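Work through these exercises with the sequence and the structure side by side. Try each task before reading its solution.

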Amino acid sequence: MLAVDRLGVRAGELDLVTEVSFTVSAGERVGLIGESGSGKSLTATALLGLLPEELTASGSVRVAGVEHELVGAPERLLTKLRGSRLAMVFQEPMTALNPAMRVIDQVAEAREVHHPGRDRVLVEADALRLLEQVRLPEVATLARAYPHQLSGGQRQRVLLAMALANDPDVLVCDEPTTALDVTVQAQLLELILAGVAERGAALLFITHDLAVVATVCERVLVMYGGRVVEAGPVREVLTEPRHHYTRGLLDASDLESTDEHGRLHAIPGTVPAAGEFPSGCVFRTRCGRADEQCADLPPWTGVPDHGHACWHPVGGDS
Ligand SMILES: Nc1ncnc2c1ncn2[C@@H]1O[C@H](COP(=O)(O)OP(=O)(O)OP(=O)(O)O)[C@@H](O)[C@H]1O
């Protein structure tokens with residue numbers, strides 16, 4: 001679905017991203033991790049042709065079904081593909097949303113750009129349906145609100161609705177949950193997973209949070225100094241890291257930790273193999289829910305000994 005080959009980003013003579021190559025198939029979820037400044041965001045923005053003017057991209061970015069090479073493509077073509085074939089959710093929704101426009105109008109506009117001539121009443125109905133899909137609470141009221149009247153998590157739901165408005169083939173998320181608290185973060189991750197699963201879209205998920213990667217992704221790429229230094233299935237990379245930088249990332253992470261109830265969550269090596277997952281569930285590395293809330297959850301099969309809070313349903317049929 002997405003094929004990136006020897007992607008480079010330069011500022012004059014300075015290489016910021018060097019020879020980054022990877023593919024993401026339809027329906028696949030790939031994580032991109034690395035320390036601050038390692039080149040994750042530049043890689044993402046280069047994919048969508050959104051680099052600032054002073055930077056230049058080289059190499060190749062192809063999307064299945066699109067005849068043209070995206071690196072160096074004319075802005076006219078990129079504008080057509082952005083939103084329809086490739087879409088992005090950014091970390092800071094306030095900079096991505098228009099503060100002076102009602103939420104529903106922004107979602108409607110995202111839809112209308114790729115459906116010119118569609119009746120405005122239908123476009124608004126589409127926008128409302130999309131906001132319902134991302135479970136914006138009190139949707140009839142909040143759809144008519146301005147971004148500043150929404151919470152951070154609600155704004156991210158709106159951005160997700162806009163990104164999914166035209167059923168993109170590739171969704172790129174750049175730290176979409178970093179600014180959110182753990183419970184809100186978990187809800188948004190579930191919505192992102194459901195959104196890409198319904199559309200069979202490829203997901204590239206950028207984060208510095210290994211727990212999020214373990215929750216969301218099947219494969220992971222590790223960036224360091226503008227290069228991909230390690231890549232492989234999440235289970236393999238998080239349990240048997242080969243690169244010293246990845247080992248350092250793991251040591252510095254909270255993957256081996258106890259939660260506020262003293263229960264052990266998320267020990268690398270105890271992540272079950274794909275076939276051992278309860279149907280419709282993914283491995284949650286941090287629970288973030290209080291005991292009482294966990295007690296309300298159905299008793300999932302495969303619950304580990306130390307508690308029932310490690311398994312939570314994400315989409316699926318559980
Ligand atoms: N417009 C620019 N001109 C020059 N250098 C830049 C520009 N934009 C980014 N850089 C540099 O490129 C490197 C990679 O930046 P990038 O934003 O991709 O990192 P990142 O891995 O996404 O970091 P973070 O996790 O903090 O967002 C950094 O050293 C950054 O300072």
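Helices (H or I, at least four residues) and strands (E, at least two) are DSSP runs, numbered from the N terminus. This is a predicted model: local features need pLDDT of at least 70, side-chain atom pairs count only at pLDDT 80 or more, and totals for chains, interfaces and linings use all residues. Residues are numbered from 1 along each chain as its sequence is written.

**Exercise 1.** Find out how many residues of helix α1 are buried, then look just after α1.

Solution.
- Start with the cut-offs: a residue is buried if 20 or more other C-beta atoms lie within 10 Å of its own, exposed if 12 or fewer, and partly exposed in between, with C-beta atoms placed from the backbone.
- Helix α1 covers residues 40-47, and 6 of its 8 residues are buried.
- The buried ones are Lys40, Leu42, Thr43, Ala44, Ala46 and Leu47.
- Now step past the helix: glycine 49, just after α1, has a positive phi of about 70°.

**Exercise 2.** Describe the open sheet: its strand order, its edges and its pairing.

Solution.
- Two strands pair if DSSP finds at least two bridges between them.
- The open sheet has 3 strands in the order β2-β1-β4, paired antiparallel.
- Its edge strands are β2 (14-24) and β4 (55-63), and each pairs on one side only.
- Strand β1 (residues 2-11) is joined to β4 by 8 bridges.
- Arginine 10 stands opposite threonine 56 in β4.

**Exercise 3.** Which residues of the largest nonpolar core touch the most other members?

Solution.
- A nonpolar core is a set of buried Ala, Val, Leu, Ile, Met, Phe, Trp, Tyr and Cys residues joined through C-beta atoms within 7 Å.
- The largest one has 81 residues, and Val107, Ala161, Val170 and Leu204 touch the most other members.
- Helix α7 (residues 152-164) gives the most to this core, with 7 residues.
- Take alanine 161 next: contact means that two C-beta atoms, placed from the backbone, lie within 7 Å.
- Leaving aside neighbours within four places in sequence, alanine 161 is in contact with Val107, Leu130, Leu131, Gln133 and Val134.

**Exercise 4.** Locate arginine 135 and glutamate 175. Are they buried or partly exposed?

Solution.
- Arginine 135 lies in the loop between α5 (120-133) and α6 (139-142).
- Arginine 135 is not a glycine, yet its phi is positive, about 50°.
- Arginine 135 has 15 other C-beta atoms within 10 Å, so it is partly exposed.
- Glutamate 175 lies in the loop between β6 (170-174) and α8 (182-199).
- Glutamate 175 also has a positive phi of about 50°, although it is not a glycine.
- Glutamate 175 has 19 C-beta neighbours inside 10 Å, so it counts as partly exposed.
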